[in-house]
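Here's a quick tour of a protein model with a ligand in it. Have the viewer open and follow along.

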Amino acid sequence: MTDFWSISRATPTSSGLDLHLALGSPRPGRGLEDALRDAVTTGRLAPGTRLPSSRALAADLGVARGTVAAVYAQLAAEGWLDSRVGAGTWVAHPTGVAPAAPPPTRPAPDLLDLRAGIPDASAFPRAAWAASARRAVVDAPAAHLGYGDPLGDESLRRALAAYLARVRGVRAEPGAVVVTQGFGELLALVCRTLAARGARRVAVERFGHAAHREIVAAAGLDVVPVPVDGEGLDVAALAALSGIDAVLVTSAHQFPTGVALGPGRRRELVAWARRTGALVVEDDYDGEFRYDRRAVGALQALAPDRVVYAGTASKALAPGVGLAWGAVPPALVPDLAHHRRLSGVRPDRLGQLTLARFLDDHGYDRTVRSRRAVYRARRRRLQEVVDQRLPGCRLVGMDAGLHTLLALPDGVAERAVASAAAARGLRLLGLAELDATPGDPAAHDGPQHVVVGFGAPPGHRYEAALDALVAAVTDAVSPVPGAPAPRRRR
Ligand SMILES: Cc1ncc(COP(=O)(O)O)c(C=O)c1O
């Protein structure tokens, strides 16, 4: 016969605390005493945890209230618990003194940050987002809180299809829109799908994120860098390669060199994809941020059957939102759904419902417009500072996005600038850190460059970040006497 008290019970008490107590003795008081002592000793009940009232715990356990009160009193007398009449009962701190609160954790020291492509998260539209989140949760039918389609919440896919058509000229039905956890997941899904279909080689722009190249390689594909020049990806060089199954391209605003793919090259790239049957992955990571009013529509519109269009909420909102999207050739949708299922990934649906609401209410448009004005002003200010305080330097790349290249005076090494910046508490990348073939000087004669991201600092730190940049370049141009000479990397 099962001993009644040997049954473990999770007891949701009226204090809200869910206590899992294994009462292993036939005597209720003894069993409870042992169970509580065991929970404190093993750390399952941490010091400071408030216990349920004796009345609530007695009701949950089905024992007399006096039994629980006697156990609490006994354990308090032994120093396991603290109790104050009328206030309650807690698990005691071992010394009887509550430890000082731990210092707040910081993800990183409070450095100035001019790394490329990072938005000012302090400007996240908290109130508008919270309002959309509230409405999304209150209004969602229960079915919208279920598993849903593996490629994303239907209402978000509809909202994105409409938004992308209106703002970037993308041509896609909602069913061909895929919601992912950041661009990296979309890239991984596309690469796994291609690899499963027998693809071998994926071309990438010579300059770009190493993380993206690693994602391609992790799918078992060869990564083939292609030169980039003043008109973006060198499409003739791409076409001269054989056996390329796909190319990853930042056509609207090359990352990080900042140029747009020339109109002729856009046409050549699409013609190449049609001719060879290859896929183009168009990474439109900052397509909303063009300041000269010459926004060029998505390449995808020229060939929706050959181009995967990719966008992200990371720039206009914040990376913490963790959502990106793709408009994919309809023929790829079933395979992508298959690989999404295999991956076990399911983007948070409440976040998707919130973004759908935010798009439908035009909160996204309003945020983009206001951020665009801020980033445009920051870019202008950077230009002024370079013109006035950095003789011999110049900004290159078009007026767009959240970053630009700073060409250094002849003979000044980007590495020297980056290390001078680090010494001054400024995070800054040299172009070589984003180069897939850093040892190859061919495409990169002339001045060296640092990539200046003007998005990251909160507004009140921007001038300090620019001052640190000026100081770092000045340090590298005229090194402190006695300091070791900087070595050129290339
Ligand atoms: C070139 C480029 N592509 C894509 C992304 C978007 O990535 P995610 O959606 O993972 O933030 C970024 C973000 O930094 C980027 O710089």
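## A hairpin to start with

Which residue in β5 does L81 stand opposite? The partner of L81 is V91. This is a predicted model, so treat that pairing as part of a prediction.

The two strands here are β4, covering residues 81-84, and β5, covering residues 88-91; they run antiparallel and are joined by four bridges. Three residues sit between the strands of this hairpin, and G86 takes a positive phi near 85°.

## How confident is the model?

Across the protein chain the mean pLDDT is 91, with 90% of the residues at 70 or more. There are stretches to treat with care, though. Residues 1-7 stay under 50 in pLDDT, and the model gives them nine contacts beyond four places in sequence. Residues 486-490 also have pLDDT below 50, with 13 contacts in the model beyond near neighbours in sequence.

## Around the ligand

Now for the ligand. It has 13 residues around it, and those that come nearest are G182, F183, Y285, T312 and S314. Sorted by type, the shell holds seven polar residues, five nonpolar and one charged.

Which helix gives the most to this shell? That's α6, residues 182-196, which supplies three residues.

## Helix α11 and its surroundings

Next up is α11, residues 349-360. Why does its length agree with what a helix should span? At 1.5 Å a residue, its 12 residues should cover 16 Å, and the end C-alpha atoms are indeed 16 Å apart.

Plenty of this helix is tucked away: Q352, L353, T354, L355, A356, R357, F358 and L359 are buried. The buried residues of α11 pack against three other helices, α4 (126-139), α5 (154-168) and α12 (363-389), as well as strand β7 (177-180). Just after α11 comes H362, with a positive phi of about 65°.

## A four-stranded sheet

Last stop: an open sheet of four strands, in the order β16-β17-β20-β19, with antiparallel pairing. Its edges are β16 (394-396) and β19 (429-430); each has a single partner strand, so one side of each is left without a neighbour in the sheet.

At the β19 edge, two bridges join β19 to β20 (residues 449-453), and these strands run antiparallel. If you want a residue pair to click on there, G430 stands opposite V450 in β20.

Technical notes
Residues numbered from 1 in each chain as written. Predicted model: local features only at pLDDT ≥ 70, side-chain atom pairs only at ≥ 80, totals over all residues. Near = placed C-beta within 6 Å. Nonpolar A, V, L, I, M, F, W, Y, C, P; charged D, E, K, R; others polar. Pairing = 2+ DSSP bridges. pLDDT = per-residue confidence, 0-100. Contact = placed C-beta atoms within 7 Å. Expected span 1.5 Å × (residues − 1). Buried ≥ 20, exposed ≤ 12 C-beta atoms within 10 Å, placed from the backbone.
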